[in-house]
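Thank you all for coming. I would like to walk through one structure this morning, going slowly enough that you can follow each residue on the screen.

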Amino acid sequence: MADTLSLLYTSDYRSTFDFPDKLRFHKITARNMPLVWHYLQREKGRTCDFSYGGVLMWVDMFDYEMAICHDTLFIKGRLENDLSLPAFSLPVGSLSLADSVTLLQRYSREQGSPLRFSAIPGYCIDGFIDLGPRHVDPLEDWSDYLYDINSLATLAGKKMAKKRNHVNQYVALYGSDTYEPLTRAALPDLCSFMDSLEAAGAPSAQADEERRLTRKVLDMMNHHDMPMQGGLLRVDGRVVAFTIGDVKGDTLFVHIEKALREVPGSYEMINKCFAADMLARYPHLSFVNREDDAGDEGLRKAKLSYHPVELLKKYNVVF
């Protein structure tokens, strides 16, 4: 905590506090992410946009920048469904929502653009509506899938029978003791796994971007201390699956999950083992957020097959 708060007073951020009504934005990086995380943990929702990995993974795509004003975090980025337009995230901190919106309205006028917010969680949308926005639009393809962590960790019950069958098939072929928690020492093996995955995968812009982001996360985890955690499966010493996520409040957020399709049941096995491992380490966990489907029908079918307890709605708001 001391290291986190010390960032408040470095030369990079001092101007923000010397002029508390002036928003001064800085690019979010692995270096200043502890400061961002200090505030993100004060946000009470369960959408992935306010998790550690949910911000840091997508810094480049959404051009995320941060400012601290009146003990409140402001994140500037892009609309979730239109990267050509600037937008803000839900402010998090001591300021009221009304005062935060007023501050951002002044900033937006200076920038010559409307004030837009993106990916506002459903639990706080009424507060925005009370402030009289021009538009409130649901992000139909960007709802997060929220699951009961005990259900994923045990695969108990009739609804999970098919998933159990896949796990049982994996165990019959490869054994039940192939899972291990992710450590920094295993990161080079995950990079080698990504090499194999890329060599075998069909080229596409979306797949290439996903692999680039995965490699970026692995590199950051190798060079920085951060609250990202994960697990992997090894068969005869070779990595056949891995996953990476983080914890905030009562929710485990899963940001990356990769497996070899030629290894039957590897996806189901890594999903189950990681949920069980994290629940054992963090008994207070109740939920798993496995993020959105971005409108991809195949991904939507896969996520629904695990029977989410809720789809967490998000909204764009324009003043």
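I will take aromatic pairs, then charges, then one pair of helices, and finally two individual residues.

Before that, two remarks on the basis of what I say. This is a predicted model, in which local features need pLDDT of at least 70 and side-chain atom pairs count only at pLDDT 80 or more, while totals for chains, interfaces and linings use all residues. Residues are numbered from 1 along each chain as its sequence is written, and side-chain values use heavy atoms, with hydrogens and water left out.

Let me begin with the rings. Rings of Phe, Tyr and Trp, the last by its six-membered ring, are called a pair if their centres lie within 6.5 Å, and the planes count as stacked when under 30 degrees apart, edge-to-face when over 60, and tilted for the rest. A search of the whole structure gives 11 aromatic pairs. In one of them, Phe-25 and Phe-88, the ring centres are 6.0 Å apart and the planes meet at 45°, so this pair is tilted. Phe-25 sits in the loop between helix H2 (14-18) and strand S1 (26-27), whereas Phe-88 belongs to strand S4 (residues 82-88), so that the pair links distant parts of the chain, 63 residues apart. Helices here are DSSP runs of H or I with at least four residues, strands are runs of E with at least two, and both are numbered from the N terminus. Phe-25 and Phe-88 are both buried, where buried means under 20% relative accessible area, exposed means over 50%, and partly exposed lies in between, with a 1.4 Å probe and protein chains only. These two residues also belong to one aromatic cluster, together with Tyr-107, Phe-117, Phe-128 and Phe-319.

What about the rings of Trp-58 and Phe-62, and how are their planes set? Their centres lie 6.4 Å apart with the planes at 65°, so that pair is edge-to-face. Trp-58 is partly exposed at 23% relative accessibility, while Phe-62 is buried at 6%.

One more ring deserves a look, and here charges come in. A charge is said to sit over a ring if NZ of Lys or CZ of Arg is within 6 Å of the ring centre and within 35 degrees of the ring normal. The ring of Tyr-306 has the charged end of Lys-163 over it, 4.1 Å from the centre, and also that of Arg-290, 5.9 Å from the centre.

Now to charges that meet each other. Side chains of opposite charge can pair when their charged atoms come close. A salt bridge here is a side-chain nitrogen of Lys or Arg within 4 Å of a carboxyl oxygen of Asp or Glu, and by this rule there are 24 salt bridges. Asp-60 meets Arg-212 in one of them, at 3.9 Å from N to O; Asp-60 is in helix H5 (residues 59-62) and Arg-212 in helix H11 (residues 205-223), 152 residues apart. Asp-60 also forms a salt bridge with Lys-216, with the closest N and O atoms 3.2 Å apart. Since Lys-216 lies in H11 as well, this pair ties together parts that are 156 residues apart in sequence. Asp-60 is partly exposed at 41%, as is Arg-212 at 36%, whereas Lys-216 is buried at 18%. Together with Glu-209, these three residues are linked in a network of salt bridges.

Asp-277 and Arg-281 offer a local example, with their side chains in a salt bridge at 2.9 Å, N to O, and both residues in helix H12 (residues 266-281), 4 residues apart, or about one turn of the helix.

H12 brings me to helix packing. Helix H9 (residues 161-174) and H12 pack at an angle of about 100° with their axes 8 Å apart, the axes being lines fitted to C-alpha atoms, for helices over the stretch in contact, and angles running from 0 to 180 degrees between N-to-C directions. The two helices are therefore roughly perpendicular, a label for 65 to 115 degrees, where under 35 is roughly parallel, over 145 roughly antiparallel and the rest oblique. Among the residues making the contact (heavy atoms within 4.5 Å) are Lys-163 and Tyr-170 of H9 and Met-269 and Lys-272 of H12.

Finally, the two individual residues. Thr-47, in the loop between helix H3 (33-40) and helix H4 (52-56), is buried at 3%. Leaving out residues up to four places away in sequence, Thr-47 touches residues including Pro-121, Phe-253 and Leu-312. Leu-312 is in strand S14 (residues 310-312) and is buried at 11%, and its C-alpha is 6.5 Å from that of Tyr-145, although 167 residues separate them in sequence.
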